[in-house]
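Visitor: I'd like a friendly walk through this structure, one question at a time. Could you guide me?

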Amino acid sequence: MSYDGIVTSAMVNELKDNLILGKIEKIYQPQPEQLLLQIHTQEGKKKLFVSASGSHSAVYLTESSFENPQTPPLFCMVLRKHLGASRITDIIQHENDRIIEILLETVDELGFNVNRKLVIEIMGKHSNVLLIDMGTGKIIESIKHVGIDVNRARQILPGKMYEYPPAQNKVPFEEVTEALISELTKNQLQPERSLLDGIQGISPAIAQSAVSGSIDDIDGTADSARIFDWFSFLNQTLNQRQISPIVYVKDHKPADFHVYPLSVYEEDDRYEVYEFDTLSQAAEYFFVNRESSNTIKQKSNDLNRVINAQLDKLKLKLQRLKEDLKRAENSDRYRLYGELLTANLHLVKSGDKSVTVTSYYDGSQVEIPLDPKYSPSKNAQNYFKKFGKYKTAIREKNLQLDETMQEIEYLESVSAFIDHVKSIEEIELLKAELIETGYIRRRQTKASKRCSNKKDKPKPHTYTISSGKTVMVGRNNKENDWLTFKKASSQDIWFHTKDIHGSHSILFTEGQYPSEEELFQAAAIAAYHSKARESENVPVDYTKARYVRKPAGSKPGYVIFTHNKTLYVNPAIPE
């Protein structure tokens, strides 16, 4: 729960400093559970982003642009009707809860001044945004409707009186006393749990940070005085606007953010600390990147499901082809039967089910099964026909086997790219590649037709090594082909992990033969962009780009090369 009551309090202070007496000029609803308010202030235009999404419930100032639907949703139209040209008179937090109220003064249809308020409840999957008539206390409209079938205790519907979420009988964190903390933590083995149960507006990470360093090593009890001092300092920090917005990042993914250092992350070396000038910047970085990470993960899983389903079919086909080839390996015996029968027709009687003859190849005795329905010569012809059929089958099955193995190789290479994507754009490019190669059916919509007519400019990963030379790495198979056969010159050096799925990498030599250090650095980059990223001593092949060629009709990214050498490196990219 990153957006707790403390963060809400700090955000209210920040919004007050920026938006009080501001005039709402434009209202948008980019997504069903999102709002964007453009507000004119003395310092210029400000944009307030509000989200009631279960995975992205937040409020913050933003400078980002959003794509809006052509037809505004109902809630957006209601807000435009009631809040157009309204002025913000105050922004408050309800108690120490995750509820922000934006008080507004506007004019109704008859020209009378009226007061409205926009209530933003930041409560995970129960988040909501409501427009309230302050004169009557009734709900005008909400971004989510909650009927009696969903919540019997609290319905959120137009025309109903607005009620705050049920109180939890906790003490607001601003009103904490040393006596309260002493009572909560007395004889408690988990004092952080007691703080959570008794104090309003704190998250588990904050409770743990408050308790951290206050536990007696001898009897294991918490020092209530130290915990009270911690809360006192926190309140002073909030009141004096001296917050330090920070985001904790692990493996390039935001884990949490706050206005105060959180011990659970500060004491763990796996987390990086990103500092920001404003809380809005920290919140936007956290939510946008977390949502992006979740979207990338979801889209990656969707593509991997498609690829794995195709791979399962291809591997089953491969197994059956191998079984057919194994059966066809003994086809030479049918030719032998036909030849021996033809040479020994005089030994066969009509109606015989078999005949034993002497092979003129090695003198051995060979028993030949016969079909009694046919004459001896017809049996011989049938064996020659069966031999010819199997010979053709071997040739065709081998071709199919090669094609199937290439398809498996290609799909596994796409899977390797999916494992390392860092942006939605890269996922979309991989999806477009799978559509183009026929593994995903294209949905013919107007938008897809427009996108198909627009060619994306390749944007390979680009690195500068210690000597100043450039190394480029393809983000997908189509970029691999472009990089190797269009971007690279004949003297540039091409890299690829040996017998391991990965990207094509090009070291641009600028007309000079690269040094050993340059080769090793470029090879390390190629190893990093492969399935062997987490391994050590990875073999990487390299050769001049002139010695790399693409067989006609082969899948994107498939090449053959000669004059290659191999380096063994640890995967790494330049800092």
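**A walk through the model**

Guide: Happy to, and please keep in mind that this is a predicted model. A good place to begin is helix α4 (residues 191–198), where Pro191, Ser194, Leu195, Leu196 and Gly198 are buried.

Visitor: What covers the buried residues of α4?

Guide: Buried here means under 20% relative accessible area, so it is fair to look for the elements that lie over Pro191, Ser194, Leu195, Leu196 and Gly198 of α4. The cover includes two strands and three helices: β10 (171–172), β11 (199–200), α3 (178–185), α5 (204–211) and α6 (224–239).

Visitor: Let's step back to the whole chain. How many helices and strands are there in the protein chain, and is it spread out or compact?

Guide: The protein chain holds 14 helices and 24 strands. For 575 residues the globule rule gives 25 Å, and the radius of gyration is well over that, so the chain is more spread out than a compact globule. Its C-alpha trace spans about 115 × 60 × 60 Å along the principal axes. The radius of gyration itself is 36 Å.

Visitor: What percentage of the residues of the protein chain count as buried?

Guide: Contacts give some background: among those between residues at least 6 apart in sequence, 58% join residues at least 24 apart. As for burial, the share among the 575 residues is 45%.

Visitor: Now the helices. Is α8 roughly parallel or antiparallel to α11?

Guide: The axes of α8 (residues 279–328) and α11 (residues 424–436) come within 9 Å and cross at roughly 20 degrees. Angles under 35 degrees count as roughly parallel. That makes the arrangement of α8 and α11 roughly parallel.

Visitor: Which residues of α11 meet α8, and what is the handedness of the crossing?

Guide: From α8 come Ser292, Thr295, Ile296, Lys299, Ser300, Leu303 and Ile307, and they meet Ile424, Ile427, Glu428, Leu430, Lys431 and Leu434 in α11. By class, this contact of α8 with α11 has seven nonpolar, three polar and three charged residues. The way α8 passes α11 is left-handed.

Visitor: How do α10 and α11 run, roughly parallel or antiparallel?

Guide: Helix α10 (residues 376–419) packs against α11 with the axes 10 Å apart and an angle of about 165 degrees. Angles over 145 degrees are the ones that count as antiparallel. The two helices, α10 and α11, are therefore roughly antiparallel.

Visitor: Which residues make the contact of α10 with α11, and how many of them are charged?

Guide: On the α10 side are Tyr410, Leu411, Val414, Phe417 and Ile418, and on the α11 side Leu430, Glu433 and Leu434. The crossing of α10 and α11 is left-handed. By class, the contact of α10 with α11 has seven nonpolar residues and no polar ones, and the number of charged residues is one.

Visitor: And α8 with α10: roughly parallel or antiparallel?

Guide: Here the axes are 9 Å apart and the angle is about 160 degrees. The contact of α8 with α10 has 16 nonpolar, seven polar and eight charged residues, and α8 passes α10 in a left-handed crossing. With that angle of about 160 degrees, the relation of α8 to α10 is roughly antiparallel.

Visitor: Is Ile120 buried or exposed?

Guide: Ile120 sits in strand β7 (residues 113–121). Leaving aside neighbours within four places in sequence, Ile120 is in contact with Val50, Val59, Arg98, Ile99, Ile100, Ile102, Asn128 and Val129. Its relative accessibility is 0%, so Ile120 counts as buried.

Visitor: Which residues does Asn13 touch, not counting those up to four places away in sequence?

Guide: Asn13 is found in helix α1 (residues 5–19). At 14% relative accessibility, Asn13 counts as buried. The residues that Asn13 touches are Leu238 and Arg241.

Visitor: Where does Glu95 lie?

Guide: Glu95 is not a glycine, although its phi is positive, at about 50 degrees. Glu95 is found in the loop between β5 (87–93) and β6 (99–107).

Visitor: Is His563 buried or exposed?

Guide: His563 also has a positive phi, near 55 degrees, in a residue other than glycine. His563 lies in the loop between β23 (560–561) and β24 (565–569). Exposed means over 50% relative accessible area, and with a value of 57% His563 is exposed.

Methods
Residues are numbered from 1 along each chain as its sequence is written. This is a predicted model: local features need pLDDT of at least 70, side-chain atom pairs count only at pLDDT 80 or more; totals for chains, interfaces and linings use all residues. Side-chain values use heavy atoms; hydrogens and water are left out. Axes are lines fitted to C-alpha atoms, for helices over the stretch in contact, and angles run from 0 to 180 degrees between N-to-C directions. Helices (H or I, at least four residues) and strands (E, at least two) are DSSP runs, numbered from the N terminus. Angles under 35 degrees count as roughly parallel, over 145 as roughly antiparallel, 65 to 115 as roughly perpendicular and the rest as oblique. A crossing is left-handed if the near helix is turned anticlockwise from the far one by less than a right angle, and right-handed if clockwise. Contact means heavy atoms within 4.5 Å. Ala, Val, Leu, Ile, Met, Phe, Trp, Tyr, Cys and Pro count as nonpolar, Asp, Glu, Lys and Arg as charged, and the others, Gly among them, as polar. The radius of gyration is taken over C-alpha atoms; the globule rule is 2.2 Å times the number of residues to the power 0.38. Buried means under 20% relative accessible area, exposed over 50%, partly exposed in between (1.4 Å probe, protein chains only).
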